[in-house]
Amino acid sequence: MKKIIAINGSPRSGWNTDILVREAAAGAASSGAVVEIIDLYKLEKFTGCVSCFGCKTEGHLGQCIRRDGLYEVLEKIRQADGLILGSPVYLGDISAGLRALYERLIFQYITYKTEIRSYNERRIPVVLIVTSNVPAEYDAELLKRYKGTLEAFVGPTQTLASGSTLQVNDYERYNWTMFNAEEKKVRRETIFPQERQAAYQLGADMTKAQ
């Protein structure tokens, strides 16, 4: 039975990223996979890569040795048959939490050798989901960049961008005049369900990718 690790890289439970990650996880489960969902912002303290180069030493090649909140997560990914990653877009990039995981996940596999590029000998399919309050096309370059690196060091990667998302239930509370709250709510009721279905399908297809 296949094991899928799903990572929610958003600090907000029950909102856009969390919902889509759980839809993708449900899709994977519907195809018979065992899925574990991990909320990054509920883990013990962790950091991004600290350039200790432990993952380049004999006995630890391709394995991050930093023992913090991400150590067990990285080990679970190492044993998984698929990986779902989700993040909101903050200031044009993925969240700090997911960026930290991404650094640790990728850097451990980089060899700095000409004869072999990656220490990862067990490639797995990846689904990368991002959500943002701007139109989805704004995230195209972001997804292209992360997709390229994930495919080089982890495995074949499918992406999904959900844009112009509903951020809060009450826009008046924050006086956010640059947004049309009613349009956001209509989109949440009409387009977001389609994106949920797309995430579900990506998860379901993941179990067939190997």
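This passage describes a pocket and several individual residues in a predicted model. In this predicted model, local features require a pLDDT of at least 70 and side-chain atom pairs count only at pLDDT 80 or more, whereas totals for chains, interfaces and linings use all residues. Residues are numbered from 1 along each chain as its sequence is written, and side-chain values use heavy atoms, with hydrogens and water left out.

Rolling a probe the size of a water molecule over the atoms shows where empty space is left. The largest pocket (an open set of points on a 1 Å grid over the protein atoms alone, where a 1.4 Å probe fits, with protein on both sides within 12 Å along at least five of seven lines) has a volume of about 220 Å³, a volume being the space filled by probe spheres set on the points, which are joined across faces, edges and corners. Its lining, made up of residues with an atom within 4 Å of a point, comprises 15 residues, of which Arg12, Asn16, Pro88, Tyr90 and Gln167 lie nearest the centre. Helix α1 (16–30) and strand β3 each supply at least two residues of this lining, and β3 gives the most, with 3 residues; helices (H or I, at least four residues) and strands (E, at least two) are DSSP runs numbered from the N terminus. By class, the lining has 6 nonpolar, 8 polar and 1 charged residues, where Ala, Val, Leu, Ile, Met, Phe, Trp, Tyr, Cys and Pro count as nonpolar, Asp, Glu, Lys and Arg as charged, and the others, Gly among them, as polar.

Asp81 is found in the loop between α2 (71–79) and β3 (82–90). With a relative accessible area of 15%, Asp81 is buried (under 20%, against over 50% for exposed and in between for partly exposed, with a 1.4 Å probe and protein chains only). The side chain of Asp81 makes a polar contact with that of Arg122 at 2.8 Å (N or O atoms within 3.5 Å; within protein, one must be able to donate a hydrogen and the other to accept it, and residues adjacent in sequence count only if both atoms are side-chain atoms).

Most residues other than glycine have a negative phi. Tyr112, in the loop between α3 (96–107) and β5 (126–131), nevertheless has a positive phi near 60°, and Tyr112 is exposed at 60% relative accessibility. Ser164, in the loop between β6 (157–162) and α5 (181–190), has a positive phi near 50° and is partly exposed at 23%.
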